[in-house]
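Let's take a walk through this fold together, starting from one well-covered helix and moving outward. Have the structure open and ready to rotate.

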Amino acid sequence: MGKPLFYEILEKPATSCAIGICSAIWFYIQKSNIGYSHVGLSYEAAMVEGHYWRIITSAFSHISVLHLVFNISALWSLGVVEQLGHIGLGVEYYLHYTLVLVVLSGMLVVGMYHLLIQKFKLEYFRRVTAVGYSCVVFGWMTILSVKQPSSKLNLFGFLSLPISFAPFESLIFTSIIVPQASFIGHLSGIIVGYAVGWGLIHGMTNYWAVTMLGWTVFVFVFSLKKSGTYDLNFLEIEPVTDPSLPSVRFFAAGNSRSLQMSTSTDAGADLV
């Protein structure tokens with residue numbers, strides 16, 4: 001007989017929080033009738049319209065309940081990482097590299113879209129919109145397969161996979177049961193996971209984690225405000241100007257152009 005759920009939650013606090021956040025967002029999305037286009041990550045939205053905030057919203061959003069259940073099931077099993085402090089993992093490691101997986105895998109997805117569109121002229125990927133926590137799930141599968149290859153991945157309470165093959169087995173499995181699953185999104189998580197597992201990405205400390213989180217929040221809020229997608233009137237981003245400096249402007253005079261330098265007395269007109 002296994003441990004009571006309450007004790008397992010205490011042993012996997014970060015995993016439990018991630019599951020709670022994803023579930024709460026799914027419930028809100030269903031209740032508010034929000035679609036992929038509102039929260040998902042696409043090439044057009046990120047690279048053309050500058051909606052960088054979608055890298056974060058897409059990671060924690062799920063539209064399909066089956067997709068959510070798969071990610072929750074896999075994530076709960078992968079929460080064992082939090083209990084492996086004796087081999088250099090643990091809760092702190094889990095938090096640090098979950099942040100890395102969320103940000104870098106999202107950026108890699110957009111980078112792959114860019115390559116497929118610009119290099120291989122596959123315009124289809126302009127319209128592909130990715131959502132879900134799968135990038136992080138596949139990333140942790142991969143990290144665990146490197147750090148603890150003898151572990152097992154339990155899915156839905158009855159399916160057990162050797163963790164060493166789990167990333168690619170799950171890649172095939174999800175493509176079958178969820179045909180709309182993002183192959184590129186899952187592959188991005190695997191690539192970042194191997195980079196972390198093999199030590200290509202390493203050295204995350206509390207300082208670097210807080211710094212990365214701070215910049216992530218800044219870019220998220222700034223791009224969300226700039227996009228105008230949501231009403232953020234309580235945030236005002238004002239230009240920084242020095243009224244003591246002269247301003248420069250061009251104006252037309254007949255068929256030629258003239259350059260005029262104005263002092264601070266008429267600088268306000270240039271801002272209209």
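The buried residues of helix 8 are covered by a set of elements that includes helix 6 (65–78), helix 7, strand 1 (152–155), helix 9 (166–177) and helix 10 (183–197). Keep in mind as you look around that this is a predicted model. Helix 8 itself is mostly covered, with twelve of its 14 residues buried. If you would like to find them, the buried residues run through Ser134, Cys135, Val136, Val137, Phe138, Gly139, Trp140, Met141, Thr142, Ile143, Leu144 and Ser145. The length of helix 8 (residues 134–147) can be checked too: at 1.5 Å a residue it should span 20 Å, and because its end C-alpha atoms are 20 Å apart, the two values agree.

Now turn to helix 7 (residues 91–118), where you will find Tyr97. Is Tyr97 buried or exposed? Its relative accessibility is 4%, so Tyr97 counts as buried, the cut-off being under 20%. Beyond its neighbours within four places in sequence, Tyr97 is in contact with Trp140, Val196, Ile201, His202, Gly203 and Met204. Trp140 belongs to the buried residues of helix 8, and so does Gly139. The C-alpha atom of Gly139 is 9.4 Å from that of Tyr97, although 42 residues separate them along the chain.

The side chain of Tyr97 also has polar partners to look for. One of its polar atoms lies 3.4 Å from the backbone nitrogen of Gly203, and the backbone nitrogen of Met204 is 3.3 Å from a polar atom of the Tyr97 side chain.

Next, move to helix 9 and pick out Thr174. With a relative accessible area of 3%, Thr174 is buried. Setting aside neighbours within four places in sequence, its contacts are Phe70, Phe138, Pro179, Ala181 and His186. Of these, Phe138 takes you back to the buried residues of helix 8. A polar atom of the Thr174 side chain also lies 3.2 Å from the backbone oxygen of Leu171.

Finally, compare your tour with the record. An unreviewed UniProt entry places the feature "transmembrane region" at residues 51–74, 94–117, 124–143, 155–176, 183–201 and 207–224. In the model, residues 51–74 are 71% helix and 0% strand, with end C-alpha atoms 29 Å apart. Residues 183–201 are 79% helix and 0% strand, and there the end C-alpha atoms are 23 Å apart.

How values were computed:
Residues are numbered from 1 along each chain as its sequence is written. This is a predicted model: local features need pLDDT of at least 70, side-chain atom pairs count only at pLDDT 80 or more; totals for chains, interfaces and linings use all residues. Side-chain values use heavy atoms; hydrogens and water are left out. UniProt positions are given in the numbering used here, feature names are shortened, and annotations may be inferred rather than shown by experiment. Helices (H or I, at least four residues) and strands (E, at least two) are DSSP runs, numbered from the N terminus. Buried means under 20% relative accessible area, exposed over 50%, partly exposed in between (1.4 Å probe, protein chains only). Contact means heavy atoms within 4.5 Å. A polar contact is a pair of N or O atoms within 3.5 Å; within protein, one must be able to donate a hydrogen and the other to accept it, and residues adjacent in sequence count only if both atoms are side-chain atoms. The expected span of a helix is 1.5 Å times one less than its number of residues.
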